Amino acid sequence: MPKYYILPIFAFIFFVLPVVADAAEVQQDTTNTDTTLVDQFLGLFQESDLDQVPETKRSRRQQVDALLKSILEEPGKLQFSGVATASIQAPLENETVWKGVGSFDIFAFVSFGPSALLFFDLEAGGGDGPDALLPNVSVLNADAGGGDGKGENLTVLEAWTEFKMLQDIFTVTFGKLDPTNYFDNNLHANDETSQFISGAFVNNPVLPVGVNSPGIRFRTTFVKRFYIQYGLFMANPQEENIMENHLKLLETGIKLLPESGWEANLRVFGHEQPLVGDSRGFGISFDQLIANHFTIFGRYGANSTELADWLGIKNAWSSGIGFRQYILNRELKVGLAYAETQTTHYEHPEQLAEFYFSTQLNQWVFISPHVQWIKTTQSGEDEHFLAGLRINLSY
């Protein structure tokens, strides 16, 4: 797909949507007087329930940090929260085959004073998504394979303890961890349950991270703008000696104009994989909020020759834009992104694009249609278009 096809879509999002949003804001809310079938359906979701729920409150990956701040204020009290996601997707082929994926997470957390807490994430999920139909390296549904992959049992996805010292300047986290919750983050493309559903936009494909495993993370923050963090994670969870063969991750970053309509983040990370002779790779990530409504983001990463041969991925990059606006007290969010992943076995990179928009039905329910285009390395010149629908519930 020629890249210049994306430019008209970019122009539409940046120049047309703001006009539509401004026009919609001046209209009167007629939900209570309209009698059409559509408005009767929307009437099931009462306006009084529509608090402007920030994305950090319903994102599986971003929810934790927001919750922990309030937990520390009530030491010794066990609390629960969670998020559930269901999606269907299908390649638009001659014989359309719909694939479904579902998952739900139960978060349990308790603090032991203002600087110590304990956290558990219990997950169940099932469905392999469209990746079973179209083999690829970009991952068309990053939510697939959650829990035990069958939806029959709860799995302890995470279980860790965290200590903060010197007024939150120094943080230590250890237990069963998901390294991608801490490394290669991105404010606008990091969660498959509330943002882009494709794996290439959730985390950089060059990261040699497998299943969650025992590990420890150290982080230090300077003037709430700069940080450095270092993590050690078991490269093979089946290893008998927990002190051997650690995947090493090192990252530093800077935040500019925090908590404003122009917040920007830049991160640089490196990784070392002991299972491949301590071979290394690196990555960079940025995100920028523009005028509190528009977003841009991007990633790039590359692996050494040895690590690329083992992982199958030489380098990868992705970028995208987004728009977010409240219309009639309902959140409308739009995202468009493109990625290329270069594998070691094929000359041409795998190409992926995704467009979605998310709308809020009530305080707890969000629904988002998705359109994906992929040109895999395995399929030569073949292209595939997919349509999907995802529903996200926070509780």
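Where is Asn 245 found?

Asn 245 sits in the loop between β7 and β8. The exercises below work outward from such placements.

The model is predicted: local features need pLDDT of at least 70, side-chain atom pairs count only at pLDDT 80 or more, and totals for chains, interfaces and linings use all residues. Residues are numbered from 1 along each chain as its sequence is written, and side-chain values use heavy atoms, with hydrogens and water left out.

**Exercise 1. Describe the backbone and exposure of Asn 245 and Asp 278.**

Step 1. Start with the rule. Most residues other than glycine have a negative phi.

Step 2. Check Asn 245. Its phi is positive, about 55°, although Asn 245 is not a glycine.

Step 3. Check Asp 278. Its phi is near 60°, again a positive value in a residue other than glycine.

Step 4. Place Asp 278. It belongs to the loop between β9 and β10 (279-290). Strands here are DSSP runs (E, at least two residues), numbered from the N terminus.

Step 5. Add exposure. Buried means under 20% relative accessible area, exposed over 50%, partly exposed in between (1.4 Å probe, protein chains only). Asn 245 is partly exposed at 34%. Asp 278 is partly exposed at 38%.

**Exercise 2. Trace the salt bridges of Glu 272.**

Step 1. Fix the criterion. A salt bridge is a side-chain nitrogen of Lys or Arg within 4 Å of a carboxyl oxygen of Asp or Glu. The count comes to 9 salt bridges.

Step 2. Take the Lys 248 partner. Glu 272 and Lys 248 meet at 3.6 Å, N to O. Glu 272 lies in strand β9 (residues 264-273) and Lys 248 in strand β8 (residues 246-256), so this pair ties together parts that are 24 residues apart in sequence.

Step 3. Take the Arg 280 partner. Arg 280 and Glu 272 form a salt bridge at 2.7 Å, N to O.

Step 4. Compare burial. Glu 272 is buried at 12% relative accessibility. Lys 248 is partly exposed at 26%. Arg 280 is exposed at 55%.

**Exercise 3. Characterise the Arg 324 salt bridge, then find a network.**

Step 1. Identify the partner. Arg 324 pairs with Glu 331, and the closest N and O atoms are 2.8 Å apart.

Step 2. Read the exposure. Arg 324 is partly exposed at 26% relative accessibility. Glu 331 is buried at 1%.

Step 3. Look for shared partners. Salt bridges join Glu 162, Lys 164 and Arg 217 into one network.

**Exercise 4. Classify the ring pair Phe 163 and Phe 174.**

Step 1. Set the cut-offs. Rings of Phe, Tyr and Trp (its six-membered ring) pair if their centres lie within 6.5 Å; planes under 30 degrees apart are stacked, over 60 edge-to-face, and the rest tilted. The structure holds 10 aromatic pairs.

Step 2. Apply them. Phe 163 and Phe 174 are 6.1 Å apart centre to centre, with 20° between the planes, and the pair is stacked.

Step 3. Place the rings. Phe 163 is in strand β4 (residues 155-165) and Phe 174 in strand β5 (residues 170-177), so the pair ties together parts that are 11 residues apart in sequence.

Step 4. Add exposure. Phe 163 is partly exposed at 34%. Phe 174 is partly exposed at 37%.

Step 5. Look for a cluster. Ring pairs link Phe 196, Phe 201, Phe 297 and Tyr 356.

**Exercise 5. Find the side-chain contacts of Asn 203 and Arg 330 with backbone oxygens.**

Step 1. State the rule. A polar contact is a pair of N or O atoms within 3.5 Å; within protein, one must be able to donate a hydrogen and the other to accept it, and residues adjacent in sequence count only if both atoms are side-chain atoms.

Step 2. Solve Asn 203. It lies in the loop between β5 and β6 (213-222) and is buried at 10%. Its side chain reaches the backbone oxygen of Asp 184 at 3.3 Å.

Step 3. Solve Arg 330. It lies in strand β13 (residues 330-343) and is buried at 12%. Its side chain reaches the backbone oxygen of Gln 360 at 3.4 Å.

Notes
Helices (H or I, at least four residues) and strands (E, at least two) are DSSP runs, numbered from the N terminus.
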